Amino acid sequence: MEENTRQGAHKALLTNRKNGSFTGILDVLSFDVSEILLETEMGMLVVKGKDLHVNRLNLEKGEVDMEGLIISLEYSDVPKPGEKAAGVFGRLFK
């Protein structure tokens, strides 16, 4: 499925580093008070912080709201079917 034909758009709204609202969420893979790992329409998203809490989760609509001290947002691409993983391991196992 091409990016242009995916359902919904991914948006990230961060307010005062204390509240985050995200759309285009496919799944919440893990979460605790210091890290939340989300699968989004645009790849994997790691939210790091302190005292993080998921306030609202609606996977049918692809929405997540969270609060806490948000320190960083980090994206990484998810390989498409048939693609090899990028990075050191991807180069080692060509």
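Asp51 is exposed in this predicted model, because its relative accessible area of 54% lies above the 50% beyond which a residue counts as exposed. The residue belongs to strand S5, which spans residues 43-58, and its backbone is of interest as well, since Asp51 takes a positive phi of about 55° although it is not a glycine.

A second residue with such a backbone angle is Asn16, which is likewise not a glycine and has a positive phi of about 55°. Asn16 is placed in the loop between S1 and S2, and with a relative accessible area of 66% this residue is exposed. A positive phi also appears in the hairpin of S5 and S6, where 4 residues stand between the strands and Gly62 takes a value near 75°.

To place these residues, it helps to turn to the overall architecture. The chain has 94 residues, of which 26% count as buried, and its secondary structure comes to 1 helix and 6 strands. Read from the N terminus, the elements follow one another as β-β-β-β-β-β-α. Among the contacts between residues at least 6 apart in sequence, 43% join residues that are at least 24 apart. The accessible surface of the chain comes to about 6,800 Å², and carbon and sulfur atoms account for 52% of that area.

The 6 strands make up an open sheet with the order S1-S2-S6-S5-S4-S3, and the pairing in this sheet is antiparallel. At its edges lie S1 and strand S3 (25-31), each of which pairs on one side only. Neighbouring strands of the sheet are turned against each other by 35° on average, with direction ignored. In general, strands of a sheet pair through backbone hydrogen bonds, in either a parallel or an antiparallel manner.

How many bridges hold the individual pairs together, and which residues face each other across them, can be followed from one edge inward. At the S1 edge, this strand and strand S2 (residues 19-23) pair in the antiparallel sense over 5 bridges, and within this part of the sheet Thr15 stands opposite Asn19 in S2. Further along the sheet order, S5 and S6 pair in the antiparallel sense over 12 bridges, while strand S4 (residues 35-40) is joined to S5 by 6 bridges, again with the two strands running antiparallel. S4 and S5 form a hairpin that has 2 residues between its strands.

Lys48 in S5 offers a convenient point from which to look across three strands. On one side, Glu35 stands opposite Lys48 in S5, and on the other, the bridge partner of Lys48 in S6 is Ser72. Ser72 has its place in strand S6, which comprises residues 63-76, and this residue counts as partly exposed because its relative accessibility is 26%. When residues up to four places away in sequence are not counted, Ser72 touches Val46, Val47 and Lys48. For one of these contacts, that with Val47, the two residues are 25 apart in sequence, and their C-alpha atoms are 5.8 Å apart in space.

Charged side chains add a further set of links. Which residues take part in the salt-bridge network? The network links Arg56, Glu63 and Asp65, and the structure holds 2 salt bridges. In one of them the side chains of Glu63 and Arg56 meet at 2.9 Å, N to O, and in the other the side chains of Asp65 and Arg56 meet, also with an N to O distance of 2.9 Å. Arg56, which takes part in both contacts, is partly exposed, with a relative accessible area of 35%.

The surface also carries a nonpolar feature. Leu14, Met42, Leu73 and Tyr75 form a nonpolar patch there, and together these residues have about 350 Å² of accessible area. Leu14 is found in strand S1, which covers residues 11-15, and S1 is one of the edge strands of the sheet. With a relative accessibility of 37%, Leu14 counts as partly exposed, and this value also passes the limit of over 30% that applies to members of such a patch.

Conventions:
Residues numbered from 1 in each chain as written. Predicted model: local features only at pLDDT ≥ 70, side-chain atom pairs only at ≥ 80, totals over all residues. Heavy atoms only, no water. Patch = residues over 30% accessible without salt bridge, like charges linked within 9 Å, V, L, I, M, F, W, Y side chains within 5 Å. Areas by Shrake-Rupley, 256 points an atom, 1.4 Å probe, with all protein chains shown as cover. Salt bridge = Lys/Arg side-chain N within 4 Å of Asp/Glu carboxyl O. Buried < 20%, exposed > 50% of the residue type's maximum accessible area, 1.4 Å probe, protein only. Pairing = 2+ DSSP bridges. Axes fitted to C-alpha atoms, helices over the stretch in contact; angles between N-to-C directions. Contact = heavy atoms within 4.5 Å.
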